[in-house]
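Thank you all for coming; I would like to take a few minutes to walk you through a structure that most of you have not met before. Please have a look at the sequence and the picture first, and then I will take the parts in turn.

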Amino acid sequence: MAAAITHDADLSGLSTFKLPARARELVELTAPDQLAALPASELPLLVLGGGSNTIFLDDWPGRILLNRLTGLQIQRLDEEHSLVHAGAGESWHRLVMNCIARGLHGLENLAMIPGSVGAAPIQNIGAYGVELSDVLDSVRAWDWQQSRTVRLSAADCRLSYRDSRFKSTDRDRFLILSISLRLSHCFAPNTGYDSLADALAKRHLERPNPRQLAATVMRLRRHRLPDPARLANAGSFFKNPVLPAETASALLDDFPRLPHWPMPDGQVKLAAGWMIERLGFRGYRIGDAGVYNNHALVLVNHGQATADQLLELIEHIQAAVGDEYDVELEPEPMLIGRKLMSQ
Ligand SMILES: Cc1cc2nc3c(=O)[nH]c(=O)nc-3n(C[C@H](O)[C@H](O)[C@H](O)COP(=O)(O)OP(=O)(O)OC[C@H]3O[C@@H](n4cnc5c(N)ncnc54)[C@H](O)[C@@H]3O)c2cc1C
């Protein structure tokens with residue numbers, strides 16, 4: 001069946017931040033072979049999954065490919081591991097719960113991250129001490145440059161903290177069709193992350209089973225993050241800045257309570273939310289664009305926010321954080337349309 005195409009499509013319901021925007025053309029892709037049958041187009045192209053990390057600041061003058069490719073296959077490798085091959089349009093959270101139900105482990109800490117499977121490698125999704133890079137085996141993608149399907153190993157994807165080649169050097173080059181995860185038949189809970197360890201201890205679950213671990217993560221997330229269905233948002237709005245050890249150490253002399261984490265490459269990751277909160281931004285608003293009351297790292301749309309209001313808010317926070325800590329904050333979501341002054 002040919003892909004469904006909508007002209008002059010409303011995008012506000014396709015992004016969890018819900019700014020008003022339209023696309024010239026929206027194509028709903030449900031099978032990979034529909035790609036070849038698409039009418040040729042010189043229009044700029046953008047792939048969209050669940051829209052939970054994409055914010056439209058302007059109308060999109062081209063074609064949007066709405067990725068709805070499904071499918072799930074499990075391939076047993078040996079006594080200890082299986083490969084899970086999942087279609088890019090599957091829901092990430094449903095995949096996590098499905099794997100737990102089948103006794104396949106490694107994804108428990110990543111429960112309840114919104115969005116699609118295919119977007120997971122784009123920014124190497126992560127939460128509570130686990131990142132996609134811990135379990136990713138490979139990615140199958142359509143390469144627009146070579147006009148063919150390619151298999152990229154996890155190393156080829158160049159995943160790092162909230163980043164990958166898909167978000168940087170090769171932005172817009174690939175359409176991810178499916179991903180393969182190497183999961184374990186043995187459960188070895190990762191409970192090292194402070195707030196997760198505290199929450200487990202409070203519930204006397206120092207040695208949780210997989211369901212208990214995922215349920216605790218979900219409880220923490222419900223408490224900390226607004227549900228996009230009730231209050232439009234895109235999750236954490238700024239990446240935690242990563243600084244060379246010496247620069248971080250000087251900053252920590254001035255702000256000893258600033259939470260920080262050493263990175264494998266010797267650099268230090270600093271808590272952007274703490275920096276923003278300390279400057280009194282919780283609950284701050286410009287029109288309907290605001291900082292979430294319970295968590296300063298999350299920006300929200302109270303209902304009728306405009307792109308101008310959001311941009312003013314972002315730039316105001318970036319400037320205040322720059323003045324106070326001499327640190328540059330970088331937005332985590334993909335901002336589509338006009339550029340920020342800092343870009
Ligand atoms: C409440 C909330 C909580 C969140 N918590 C977390 C968290 O804990 N950790 C975390 O890492 N993120 C988190 N996020 C961000 C977001 O959920 C993830 O980045 C998620 O992977 C985005 O999936 P999506 O399908 O919605 O992506 P989209 O927003 O649709 O797309 C994001 C980017 O990926 C590209 N893309 C999407 N699919 C494909 C594909 N198949 N091929 C090529 N490119 C593609 C898009 O072009 C876009 O550039 C959160 C967001 C919200 C709203």
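Let me begin with the spacing of two domains: the centres of domain 1 and domain 2, taken over C-alpha atoms, are separated by 22 Å, and please keep in mind throughout that this is a predicted model. The domain assignment places domain 1 at residues 4–67, domain 2 at 72–184 and domain 3 at 232–336.

Where domain 1 and domain 2 meet, 11 residues of domain 1 are in contact with 12 residues of domain 2. On the domain 1 side of that meeting, the elements that give two or more residues are strand 3 and strand 5, the latter spanning 60–67. Which kinds of residue make up that side of domain 1, nonpolar, polar or charged? It divides into five nonpolar and six polar residues, with no charged ones.

Moving into domain 2, which the assignment starts at residue 72, we find strand 6, residues 72–76, joined by five bridges to strand 7, residues 81–87, and the two run antiparallel. A hairpin of four residues links strand 6 to strand 7, and within this pairing Arg-76 stands opposite Ser-82. Strand 7 also pairs with strand 12, again in the antiparallel sense, over seven bridges, and there His-85 faces Ser-180.

Strand 12, residues 174–184, brings us to the ligand, since strand 12 is one of the strands that each supply at least two residues of the shell around it, together with strand 3 (45–48), strand 8 (126–127) and strand 13 (232–236). Which of the 34 residues around the ligand come nearest? They are Gly-49, Gly-50, Gly-115, Gly-118 and Gly-235. As for the character of the shell, 19 of its residues are nonpolar and 15 are polar, while no charged residue is found among them.

Let me finish with a small sheet, in which three strands form an open, antiparallel arrangement in the order 14-16-15. Strand 14 (242–243) and strand 15 (260–262) stand at the edges with a single partner strand each, so one side of each is left without a neighbour in the sheet. Strand 15 is joined to strand 16, residues 268–270, by three bridges, and His-260 stands opposite Leu-270 of strand 16. Across strand 14, strand 15 and strand 16 lies helix 5, residues 245–254, which runs at about 40° to strand 16.

How values were computed. Residues are numbered from 1 along each chain as its sequence is written. This is a predicted model: local features need pLDDT of at least 70, side-chain atom pairs count only at pLDDT 80 or more; totals for chains, interfaces and linings use all residues. A residue is near a molecule or strand if its C-beta atom, placed from the backbone, lies within 6 Å of it. Ala, Val, Leu, Ile, Met, Phe, Trp, Tyr, Cys and Pro count as nonpolar, Asp, Glu, Lys and Arg as charged, and the others, Gly among them, as polar. Two strands pair if DSSP finds at least two bridges between them. Two residues are in contact if their C-beta atoms, placed from the backbone, lie within 7 Å. Axes are lines fitted to C-alpha atoms, for helices over the stretch in contact, and angles run from 0 to 180 degrees between N-to-C directions. Domain bounds come from an automatic or database domain assignment.
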